[in-house]
Structures are given as structure tokens and as C-alpha cells.
Amino acid sequence: MSQIENDLKLEIIKSVKKSFDLDIEMNDVIIELPKDVSHGDYASNIAMQLARTLKRKPKEIAESICSNLNLDIISSYEIAGPGFINIFLKNEYLAEVINLVLDQDEKYGHNNTGNGLKINIEYVSANPTGDLHPGHARGAALGDSVSRLLKMSGYDVTREYYVNDAGNQINNMALSLRARYFQEFNYDVEVPEDGYHGSDLIDIAKDLVSKVNDKYINYDEEEALIEFKKFGLEAELNKIKADLKAFNCEFDVFFSEQYIRDNKFVEKALNQLKDRGYTYEKDNALWLKTTSFNDDKDRVIVKSDGSYTYLTPDIAYHLNKLDRGYDKLVDVLGADHHSYVVRLKAAIQALGYEQDKLEVDIVQMARMIKDGEEFKLSKRSGKAVALIDLLDEVGSDALRYFFISRAADTQMDFDLDMAIKRSNENPVYYAQYAHARMCSILNSAKDIDISRKFNLISNEKELTLIKHINEFPKVVADAAYTRMPHKLCNYISKLAQYFHSFYGECKVLDYDNIPLSTQRLALVKASKITLKNALNSIGVSAPESM
RNA sequence: GUGCUCGUGGCGCAAUUGGAUAGCGCAUCUGAUUCCGAUUCAGAAGGUUACAGGUUCAAAUCCUGUCGAGCAUACCA
């Protein structure tokens, strides 16, 4: 909550107490920024909310509240519509936020609404069997941005990538690599039908040859496969890490499924489930009673051949995360896994935890369009476009902004031709240009000191900009809490817009009016700080020139 | 069939999570530059929020039904 809102709420609470001898709390008072500027700088619906408890007409209540408001910071008020209280503030008071921004600088926007809550956010977690494709990019951009926002809001955040380095898909990868390796020596070995046909494994095979030459040709086959697996895994994972880094995504932990298996965490989880009575045997397999928790059928966790299903180590992994002491787990999953959510939540409850310990954000798939037609992505066929190629053509900033600017649960088309060709229409450039312009202005006014007093700030464009700057910490906190980084995109484009509009109407650098210039320069600087922090909060750069 | 997610100007998306006359970008049309960066600004046009009921001071938002879209419905991962 901003200082202004805080002050206003306290005023209203005092007034309600005075008017009706009624005690209300900070959270009962809603202060909002009206969409329409003629509805005041700030507005409250408190009179309507109290109408029921007080059994009086909202307008009458509003009258009483207003007549008891302290006018120190308020220039005027009005009662409008069904009972809204619209409040107009004194310009100089509004402009005080500029000082706050200048003082906090790169910390402006940070807030403590998270209150140190320990939160683990898992995203991407793509299998290490090939390049990341654009479908992963959306999850990466969202997860990373949400993490940044959570950190800014005072959460204790761990960014985690779950590496599925065990199981069938890895064996297929090893077999595929083996084929590519043998092909390097002109042996007629085919990549298995359900193996991975991408060209990345050819490169990895070449790399392997350069390191060990033909060592594995006449090797014990089983031993060699272990080596292929090891080498392939490491190579694939390193590529994924490099791609993510190029996409400006950082992780704190890469957590291995093999580690979960090797350290008996699966058995531990199974025992916990058994002890709590949520398992039973049927048809030679072990089942988990997920139907006790809203699933439409029970799920196998140990197959009749004794091996685990995909779900089982994943349950163990989540138990491990919980054991590590997190207050909350967040999984960012692709929409193709959404039926999995019920199962996972059921497992969490079967383990004895509240179901809302785990929250799953579903990211709708981005349909890939090329030449006006959809094409399916498949790592196995090798037809997928690699994220890294896209980064080369579109750039990290534009790509991130594109993915983040839509809410995660909306379906979207990713038109490859469009993304490349029309990249100049991406709003991210509009915002970055605004930042560059701010820098340019400040740069050409280096010889002028900026003011800390704002008695000359009165233009409508200035005030609009100031009010919007004041909103920033609240937007960050809200976007973090709801895990909706697209709110930042909306904020950014508005901020840029208000700035450009201000710039068009107000001359900042005017050597014939130095006092006003120094005050406007302060506003430009505060805008620059805010815009930069906002862009950084979603992992987009703020260039000083373009 | 069933379950999840969704349906907002021509297109792509918002809407402070139940608030005032539903906003923004692109595209279209009309204006503006002796400029502190025109990659900019000012303005116009474009809507029965898929449809039908319901809940209340107030519904794009909540409930019910219908239609439509995407995804999922494995002892695959």
C-alpha cells in the first residue's frame, strides 16, 4: 500500500469513528484509483459497504464521512454515483512520491507483502532429451518473472528445475545417441522408432567422438549405454542451462529425479502413503486412492512389473520439497498436464498435507503457426524450433514480453513469421524507447540540479504520471500475490504512454524557467527509475539508448 | 461421454478479483515536428462482454443451463 493510500485510509477510519462511533479496520477500507480522472485522484466505496450494517442510505453515510474528513492533504471531495466518495488531493502532497522514488532508487517497488514466506517455484522442468522449444519458453518467461516479482515483494523464493534424468525417456535418448555415435563411424545403426531424431544428438555424438574416439564401438554394450546416458544427459542439460541463461532465466536449484530414486525418497513416500492407509493392491500392482481426493479414478504407483509410474517419483519429489520446509509449493505446468494436477494434489493430501500447500499454475500451450498453418511440436521427430534460434531472431526482451503480456491461462498463437517480421510492433520497444528518452533528457541536463520541492507541479499530464508512479509498489505486490506478471506489462505500457504524453505537452528543459525545469527533471528521473525497475521485474532490459 | 481451462470492437489482449460511461495496442481515418531522441504526440471511428435465465445497491466477473474452442481422460513420460 502506498503512503498516500495509507494516509487516506487512516483519515476515513477516523472519520467513520467520529461520524458513527464505528470501528473499522484498514482492510475494510478500499481505496482505488478511478478509471475516469473526473472521478477524483482516489475514490472509496466505503459508504456503500457500510450501508447494510448502518442501515442507512449510502449517500447519507458518504455525506457524514466527508464532513468529518481532515482537509490537510485533500483539496476537495465529492459524492458521486450510488455513493462513491471521490477525493482530490493537493498537488504538492501528491508529488511527494517523487522524493520517495529518488530516495529508494533501485529499491522502489520493493515491498514486504510476502513477509518472508518460504516459497518454492518449479517451472520449465523439460526433459533433458533435446533442445528447449518455444513451448517451454512461455513457462520459463512466466516462472522467472513471477519469481522476480515474489522476491521484490519480500518472499523467500527458491527457483527450481526438476530434471527427469531417470526413466524410459532417458534410455531412449541414450539409445538414440548410441545410434548417432555409431553412424559417425559409418555403422548402419538406426535411431529407434520412439527415440529422439533431432539433430542435436548428432552434434553431441560428434562431440563424444572428439573426446573418446571409437572407444565405445567394441565396448560391452550395457556398459557403453551407461556412458551414453551419462554423456547425453550432461550435454543436453548444459544446453538447456545455456538456453535459459540466454533467455535471462536463472535457477537456484536443478533437482535430479535420479537423486530422489538413489536416496530412497520414493520408498519413504510410499511408506508414508501406505501408513496413512491410502494404498491398496490390485491386479499385482499398487494403487493410490486418489479418488478420496476428487480424482475420478485411482492411480497405479507401482506397476505389476515392480517399476514405478511417472507419478511415483514425482510424489516423492514433492514430499522432499515439503520436507525442505517450504510454506508453499508452486508448479508451473503446461496445459497438457492439467489432468495431472488433481492427482498431484491428491497425493499431497494423502501424504498428510493441506491441498493448498501446492498451487499449480497452468500455462496454456502456445500454438505454433508458420506460413499460416499450425504445426505440432515434437522433440522426438526433431521438427521443433529451438528456443535458441528464436532468441537469435527475435531477441530475449521481445520474446519475454510477448509471452508475459498475456495471462497464463489464455490460449495463444505464436506466429513465427509475425514474431520475427513484426517485432518492431512489439510494445516492449515502445517502453524501452521511453526509457532511452528519459535517459537522454537527464543526460542533456547534467548541469542542472534536480529539485526536491514540487510546488510548481500542476499540469494534468504531470499529475497523471505521478499518480501512476505511485501505484508501482502496489502493482508489484498484486502481480506477485496473484502470480500474474502480465499486470506488469499493462503497467509498463501505461507508464511509457503517460510519460510520452507528458513529454509532448510539458517542456522539461527550459533555460528560461529553471525552477520549473528542476522540478520536472525530478519527475523524469523518478519515471526513469520506476520504468527501469518495472522492466527489470519481468526480466527485460532498460537500455539507455537505442 | 466425463473433467479441467476458456469465450470481451476486424485482430491480439486488459479491466485494481463484485464497482461508476468496459479500457489498451495493432490495423483504419484526420491532424501535429524551427523537437529536451517523431521508434513520438493530439483526435476520430469501432461493443447488447457467445447466448438465455438467476443472485444484489451494483455482474465481463458469482450460480444454472445452452452453444463454441483448446487440453486431458494410461500399469507413457
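**View 1. N490 and the sugar or linking oxygens of RNA strand B.** An N or O atom in the side chain of N490 lies 2.7 Å from a sugar or linking oxygen of RNA strand B. Seven named elements, listed here, give two or more residues each to the surface near the strand: α2 (46-54), β4 (84-89), α6, α12 (338-350), α16 (427-444), α17 (460-482) and α18 (486-505). The model shown in this and the following views is predicted.

**View 2. L33 and N86 at base nitrogens of RNA strand B.** The side chain of N86 places an N or O atom 2.8 Å from a base nitrogen of RNA strand B. At L33, a backbone N or O atom is 3.4 Å from a base nitrogen of the strand.

**View 3. The protein surface around RNA strand B.** The strand has 62 residues around it, and those that come nearest are Q169, K303, R406, Y433 and R437. Of the atoms of RNA strand B within 4 Å of the protein, 59% belong to sugar and phosphate. Sorted by class, the surface near the strand holds 24 polar, 21 nonpolar and 17 charged residues.

**View 4. The crossing of helices α6 and α8.** Helix α6 (residues 168-184) and helix α8 (residues 221-246) have axes that come within 8 Å and cross at roughly 100°. Angles of 65 to 115 degrees count as roughly perpendicular, so α6 is roughly perpendicular to α8. On the α6 side, the contact is made by I170, N171, M173, A174, L175, L177, R178 and Y181; on the α8 side, by E221, L225, F228, K229, G232 and L233. These residues comprise nine nonpolar, two polar and three charged.

**View 5. Confidence of the prediction.** The average pLDDT of chain A is 89, and 94% of the residues score at least 70. The ipTM is 0.93 and the pTM is 0.93. Predicted coordinates should not be read in detail where pLDDT is low.

Key: Residues numbered from 1 in each chain as written. Chains lettered and ligands numbered in written order. Predicted model: local features only at pLDDT ≥ 70, side-chain atom pairs only at ≥ 80, totals over all residues. Heavy atoms only, no water. Axes fitted to C-alpha atoms, helices over the stretch in contact; angles between N-to-C directions. Helix = DSSP H or I, 4+ residues; strand = E, 2+ residues; numbered from the N terminus. Parallel < 35°, antiparallel > 145°, perpendicular 65-115°, else oblique. Contact = heavy atoms within 4.5 Å. Nonpolar A, V, L, I, M, F, W, Y, C, P; charged D, E, K, R; others polar. Near = heavy atom within 4 Å. Polar contact = N/O pair within 3.5 Å; in protein donor to acceptor, adjacent residues only side chain to side chain. pLDDT = per-residue confidence, 0-100.
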